[in-house]
Number of protein chains: 2
Amino acid sequence: MRILYVEDEKFLADAVIHVLEKSGISVEWTDDGEEGLNLAMKPIYDCIVLDVMLPKMSGFDILRHIREREIKTPVIMLSALSQAEDKIKGLNYGADDYLAKPFKTAELIARLQALSRRPALQDEKVIRFGDLYYNKENRTLNELDLTEKEALLLETLLQEPDRAKNKEYILNHIWGSDNYGDDNYVEVYISYLRKKLKKLNSKVQIKTIRNLGYKLVSKVE
Amino acid sequence: MRILYVEDEKFLADAVIHVLEKSGISVEWTDDGEEGLNLAMKPIYDCIVLDVMLPKMSGFDILRHIREREIKTPVIMLSALSQAEDKIKGLNYGADDYLAKPFKTAELIARLQALSRRPALQDEKVIRFGDLYYNKENRTLNELDLTEKEALLLETLLQEPDRAKNKEYILNHIWGSDNYGDDNYVEVYISYLRKKLKKLNSKVQIKTIRNLGYKLVSKVE
DNA sequence: CTGAACCTTAATAGAACCTTAAAATATAAA
DNA sequence: TTTATATTTTAAGGTTCTATTAAGGTTCAG
């Protein structure tokens with residue numbers, strides 16, 4: 001997933017970007033409202049996150065401009081808690097969600113994912129996660145080919161990447177429900193996928209959560 | 001879209017319902033606050049529209065009750081008193097929007113649509129307490145991973161957080177009822193959890209109440 | 001001061017997980 | 001069809017992590 005983030009508080013922005021990238025969300029950031037507007041026109045983002053209070057051009061201005069130009073990219077507004085009215089204003093201007101500052105980054109991630117999970121993106125041919133580009137059509141992950149099972153496993157992990165998937169779920173999903181009990185299938189293919197991620201030198205890793213399952217994470221420095 | 005509308009002014013209600021239904025919004029209406037509350041509990045509405053001034057039970061009361069019961073359905077408040085204070089009151093109680101009477105029905109429709117566009121808040125998967133953000137789905141507490149037992153212990157403390165849980169209860173809950181007597185299990189894991197809370201620099205602590213049990217508390221400077 | 005309740009830490013054992021390679025199977029090429 | 005190649009399945013042994021155990025320390029009430 002790729003987002004645009006317009007925020008003038010550098011310190012906050014740094015922290016947020018750090019956490020988002022770890023979740024495999026690639027972030028383009030600017031602190032300038034006008035530049036933000038220009039960038040927002042490009043149809044390359046899965047979501048735009050706008051701070052309301054910006055020098056020169058407010059988040060609302062940006063929102064209004066892009067909606068006037070019929071740009072449908074989902075927008076999440078950020079605003080200080082005191083400005084309760086902003087919520088209403090933002091939603092009326094066509095924002096898709098609203099988050100009061102201060103917010104937990106996990107909350108932002110949840111909402112980003114909720115927005116990007118909407119139908120349109122579901123059958124996308126190319127899925128991004130961190131520095132990965134997975135092409136569903138010809139089963140390539142960056143420059144590597146995946147086998148069928150590897151690809152299915154990756155796709156499983158890629159849908160709702162913030163949610164860990166357990167072995168049983170993966171087994172059912174890929175090998176079918178009759179095939180119960182052989183967790184080793186999953187382990188073997190997790191191992192294969194890891195090997196390919198390593199070969200790609202990707203920041204993305206498969207994290208094991210003992211007794212629970214697996215999820216994708218993207219290392220940040 | 002399906003909404004619940006609680007309004008005692010029959011004449012107004014008729015007019016509003018007429019226009020909403022014409023816009024494809026199906027409306028369930030009641031003029032009774034208590035019945036409104038009962039209906040509001042059902043998780044079948046995309047939005048609830050509450051008039052503030054109602055006989056017996058005010059819109060604020062309904063709002064407060066349903067939010068206390070963790071019902072997340074979006075709520076729009078309607079009030080003749082266009083004073084800023086009511087607005088703040090409503091929004092603080094967990095209303096999602098506010099509309100002063102008299103209002104244009106088109107305005108109400110716009111706001112209903114804005115709200116239903118917004119993704120539902122993640123519920124139950126994430127539990128907040130103080131500055132903590134516990135994700136049950138992948139067993140993370142803020143940026144730290146928890147082990148299975150740590151997670152179960154935290155979940156136990158997190159349910160009804162102001163009620164202290166004794167060791168026996170925790171033991172039964174996590175280790176099973178046969179496993180009586182080994183309070184040390186609990187002590188060890190309380191210790192582990194405390195260590196992680198410290199690592200997180202959290203304001204939240206586990207308080208020991210001698211001969212009674214443990215509870216979570218959040219330090220306020 | 002004393003004992004009970006509670007806390008902390010380190011060591012251990014076993015479950016869960018990982019990796020690898022060989023065997024079986026499917027797929028493609030000749 | 002036969003051969004070659006790629007992928008999946010099976011199996012075995014190795015590694016890591018967590019729950020448990022145990023021992024000794026600390027705090028608190030009487």
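In the predicted model, the surface near DNA strand C is made up, by class, of 6 nonpolar, 8 polar and 10 charged residues. In total, 24 residues surround this strand, and the closest of them are K167(A) and T208(A) from chain A together with K167(B), T208(B) and Y214(B) from chain B. Of the atoms of DNA strand C that come within 4 Å of the protein, 60% belong to sugar and phosphate. Two helices, α9 (183–199) of chain A and α8 (183–199) of chain B, each supply at least two residues of the surface near this strand.

Polar contacts to the backbone of DNA strand C involve side chains of both chains. In chain B, an N or O atom in the side chain of T208(B) is placed 2.4 Å from a phosphate oxygen of the strand, and for the side chain of K167(B) the corresponding distance to a phosphate oxygen is 2.5 Å. In chain A, a polar side-chain atom of S191(A) lies 3.4 Å from a phosphate oxygen of DNA strand C.

Around DNA strand D there are 21 residues, of which W175(A), Y185(A), W175(B), Y185(B) and Y189(B) come nearest. The surface near this strand comprises 10 nonpolar, 4 polar and 7 charged residues. Sugar or phosphate accounts for 63% of the atoms of DNA strand D within 4 Å of the protein, the rest belonging to bases. Helices α7 (148–158) and α9 of chain A, together with α6 (148–158) and α8 of chain B, each supply at least two residues of the surface near DNA strand D.

Tyrosine side chains provide polar contacts to the phosphates of DNA strand D: an N or O atom in the side chain of Y185(B) is 2.3 Å from a phosphate oxygen, while for Y189(B) the distance is 2.6 Å. In chain A, a polar side-chain atom of Y189(A) lies 3.0 Å from a phosphate oxygen of DNA strand D.

Within chain A, the axes of helix α8 (residues 167–175) and α9(A) come within 9 Å and cross at roughly 85°. Since angles of 65 to 115 degrees count as roughly perpendicular, α8(A) and α9(A) are therefore roughly perpendicular to each other. The contact between these helices brings K167(A), I170(A), L171(A) and W175(A) of α8(A) together with D183(A), Y185(A), V186(A), E187(A) and Y189(A) of α9(A). By class, this contact of α8(A) with α9(A) has 6 nonpolar and 3 charged residues and no polar ones. Among its participants, K167(A) is also listed with the closest residues to DNA strand C, whereas W175(A) and Y185(A) are among those nearest to DNA strand D.

Key. Residues numbered from 1 in each chain as written. Chains lettered and ligands numbered in written order. Predicted model: local features only at pLDDT ≥ 70, side-chain atom pairs only at ≥ 80, totals over all residues. Heavy atoms only, no water. Near = heavy atom within 4 Å. Polar contact = N/O pair within 3.5 Å; in protein donor to acceptor, adjacent residues only side chain to side chain. Helix = DSSP H or I, 4+ residues; strand = E, 2+ residues; numbered from the N terminus. Nonpolar A, V, L, I, M, F, W, Y, C, P; charged D, E, K, R; others polar. Axes fitted to C-alpha atoms, helices over the stretch in contact; angles between N-to-C directions. Parallel < 35°, antiparallel > 145°, perpendicular 65-115°, else oblique. Contact = heavy atoms within 4.5 Å.
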